[in-house]
Amino acid sequence: MYLSIGNDFAVRDKSIVGIFDLDNTSYSRRTQAFLNKAEENGQVIPCDDLPKSYVLTAEYGFSQVHLTALNAYTLEKRLGK
């Protein structure tokens, strides 16, 4: 099954490590360092609008951070978990 995360983009539900709200998680220094490192390594996939959350995926040995304009709660409801 796939989860639509906006901007005509979908990710496999089995590859999702976590769905995180940017407002709540961006205060932590560790999270900021993680997101900065992911951006330096080209692992961040941007969105067209102002991002509200991000989806961390890992598949085939690669991890990616998908920024999305959708709320984390909305994504969790779509996922059905």
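Here are some worked exercises on the structure above.

The model is predicted, so local features need pLDDT of at least 70 and side-chain atom pairs count only at pLDDT 80 or more, while totals for chains, interfaces and linings use all residues. Residues are numbered from 1 along each chain as its sequence is written, and side-chain values use heavy atoms, with hydrogens and water left out.

**Exercise 1: the length of α2**

Task: work out what span helix α2 should have, and check it against its end C-alpha atoms.

Solution. Start with the terms: helices (H or I, at least four residues) and strands (E, at least two) are DSSP runs, numbered from the N terminus. The expected span is 1.5 Å times one less than the number of residues. Helix α2 covers residues 29–40, which is 12 residues, so it should span 16 Å. Its end C-alpha atoms are 16 Å apart, in agreement with that.

**Exercise 2: the two sides of α2**

Task: find which residues of α2 are buried and which exposed ones sit on the face turned away from them.

Solution. Step one is the cut-off: buried means under 20% relative accessible area, exposed over 50%, and partly exposed in between (1.4 Å probe, protein chains only). By that rule, T31, L35 and A38 are the buried residues of α2. Looking down the axis, these buried residues fall within an arc of 60° (taken from the directions from the helix axis to the C-beta atoms), so they line one face of the helix. There's a handy rule behind this: an α-helix has 3.6 residues a turn, so residues three or four places apart point the same way.

Step two is the opposite face, which carries the exposed residues R29, R30 and E40.

Step three is the cover. Using contact (heavy atoms within 4.5 Å), what packs over the buried residues of α2 includes α1 (22–25), β4 (44–45), β5 (53–59) and β6 (62–68).

**Exercise 3: the ends of the helices**

Task: say what sits at the start of α2 and α3, and what comes just after each.

Solution. At the N-terminal end of α2, S28 acts as the cap, with a side-chain oxygen 3.3 Å from the backbone nitrogen of R30. Just past α2, G42 has a positive phi of about 75°. Over at α3, a side-chain oxygen of N71 comes to within 3.0 Å of the backbone nitrogen of Y73. After α3, G80 has a positive phi of about 80°.

**Exercise 4: hairpin and sheet**

Task: describe how β1 pairs with β2, then give the strand order of the open sheet.

Solution. Two strands pair if DSSP finds at least two bridges between them. Strands β1 (residues 2–6) and β2 (residues 9–12) are antiparallel, joined over 4 bridges; Y2 has R12 as its bridge partner. They make a hairpin with 2 residues between them, and N7 in the turn has a positive phi of about 55°.

Now the open sheet: its 4 strands run in the order β3-β5-β6-β4, with mixed pairing. β3 (16–21) and β4 stand at the edges with a single partner strand each, so one side of each is left without a neighbour in the sheet. In the same sheet, β5 and β6 run antiparallel with 7 bridges between them, and T57 faces Q64 in β6.

**Exercise 5: α3 on the sheet**

Task: place α3 relative to the strands and sort its buried and exposed residues.

Solution. Helix α3 (residues 72–79) lies across β3, β5 and β6, at about 145° to β3. (Axes are lines fitted to C-alpha atoms, for helices over the stretch in contact, and angles run from 0 to 180 degrees between N-to-C directions.) Its buried residues are A72, L75 and L79. They cover an arc of only 60° around the axis, which puts them on the same side of α3. On the other side, Y73 and K77 are exposed. The cover over the buried residues of α3 includes β1, β3, β5 and β6.

**Exercise 6: two buried polar residues**

Task: decide whether H66 and S53 are buried or exposed, and list their side-chain polar links.

Solution. H66 is in strand β6 and, at 3% relative accessibility, counts as buried. Its side chain makes a polar contact (a pair of N or O atoms within 3.5 Å; within protein, one must be able to donate a hydrogen and the other to accept it, and residues adjacent in sequence count only if both atoms are side-chain atoms) with the side chain of Q64, at 3.5 Å.

S53 is in strand β5 and is buried at 0%. The S53 side chain reaches the backbone oxygen of L70 at 2.6 Å. Leaving out residues up to four places away in sequence, S53 touches H66 and L75, among others.
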